[in-house]
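Reader: Before I plan any work at the bench, could you take me through the model shown here?

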Amino acid sequence: MKWKSVMAGVIGSMMGAMFGGCSAFQTMPEGKLLKLEYRRSTMRSERQYEVKLTTEANGDVMLRAKKEPYGPLLQKKLTAEEVDGFVRIITEEKMYKYKEMYKPIFRVLDGYMWHFSAVFEQGKIYSSGDNATPSGEGLEKICEYAASLVCDSIP
């Protein structure tokens with residue numbers, strides 16, 4: 001019987017190492033969204049997508065984003081309702097449950113890397129990956145929403 005419990009512990013540790021970092025027990029951070037970043041780059045280190053939301057010292061919330069892969073970085077001042085759109089996506093897509101790191105089962109020598117973080121008044125979310133992403137459409141929705149906002153700012 002003792003042998004079985006030792007083996008169960010060893011197998012559990014191995015499974016934890018393989019699938020570790022799962023943050024299924026995380027909850028949505030509270031308070032206002034203060035900062036958000038999402039970057040996706042190819043192995044050439046060229047940024048395909050970039051979304052950066054920052055709260056300036058004067059309280060203005062600025063969005064810098066690309067409306068298309070490899071396009072120019074555009075800027076727009078956001079309203080509170082527009083910022084809430086990012087919070088809705090994070091909540092609906094349960095992005096607060098993302099693991100800290102995503103990697104493919106087999107080593108990939110070329111491809112892409114990505115990084116996502118969101119800082120709230122009370123807590124933060126951080127996740128990244130190499131050639132692997134979480135399930136769902138959260139990252140794509142963040143890009144699409146940011147692109148729609150900066151397209152409105154083009155004269």
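Author: A residue is called buried when under 20% of its relative accessible area remains, and exposed when over 50% does. Please keep in mind throughout that this is a predicted model.

Reader: What share of the residues of the protein count as buried?
Author: The cut-off for burial is under 20% relative accessible area. Applied to the 155 residues of the protein, this gives a buried share of 35%.

Reader: In what pattern do the helices and strands follow along the sequence?
Author: The protein has 3 helices and 6 strands. Read along the sequence, these elements follow the pattern α-β-β-β-β-α-β-β-α.

Reader: Which strands are the edge strands of the sheet?
Author: The 6 strands form an open sheet with mixed pairing, in the order β4-β3-β2-β1-β6-β5. An edge strand pairs on one side only, and this holds for β4 (73–78) and β5 (101–102).

Reader: Which residue in β3 is the bridge partner of Lys-52?
Author: Strand β2, spanning residues 47–55, runs antiparallel to strand β3, spanning residues 61–66, and 5 bridges join the two. For Lys-52, the bridge partner in β3 is Arg-64.

Reader: At what angle does helix α2 run to β4?
Author: Helix α2, made of residues 80–92, lies across β1 (30–42), β2, β3, β4 and β6 (112–130). Taken against β4, which is one of the edge strands, the direction of helix α2 makes an angle of about 110°.

Reader: What percentage of the exposed area do carbon and sulfur atoms supply?
Author: The protein exposes about 9,800 Å². Of that area, the part supplied by carbon and sulfur atoms is 55%.

How values were computed
Residues are numbered from 1 along each chain as its sequence is written. This is a predicted model: local features need pLDDT of at least 70, side-chain atom pairs count only at pLDDT 80 or more; totals for chains, interfaces and linings use all residues. Side-chain values use heavy atoms; hydrogens and water are left out. Helices (H or I, at least four residues) and strands (E, at least two) are DSSP runs, numbered from the N terminus. Buried means under 20% relative accessible area, exposed over 50%, partly exposed in between (1.4 Å probe, protein chains only). Accessible areas come from the Shrake-Rupley method with a 1.4 Å probe; for residues, only the protein chains shown count as cover. Two strands pair if DSSP finds at least two bridges between them. Contact means heavy atoms within 4.5 Å. Axes are lines fitted to C-alpha atoms, for helices over the stretch in contact, and angles run from 0 to 180 degrees between N-to-C directions.
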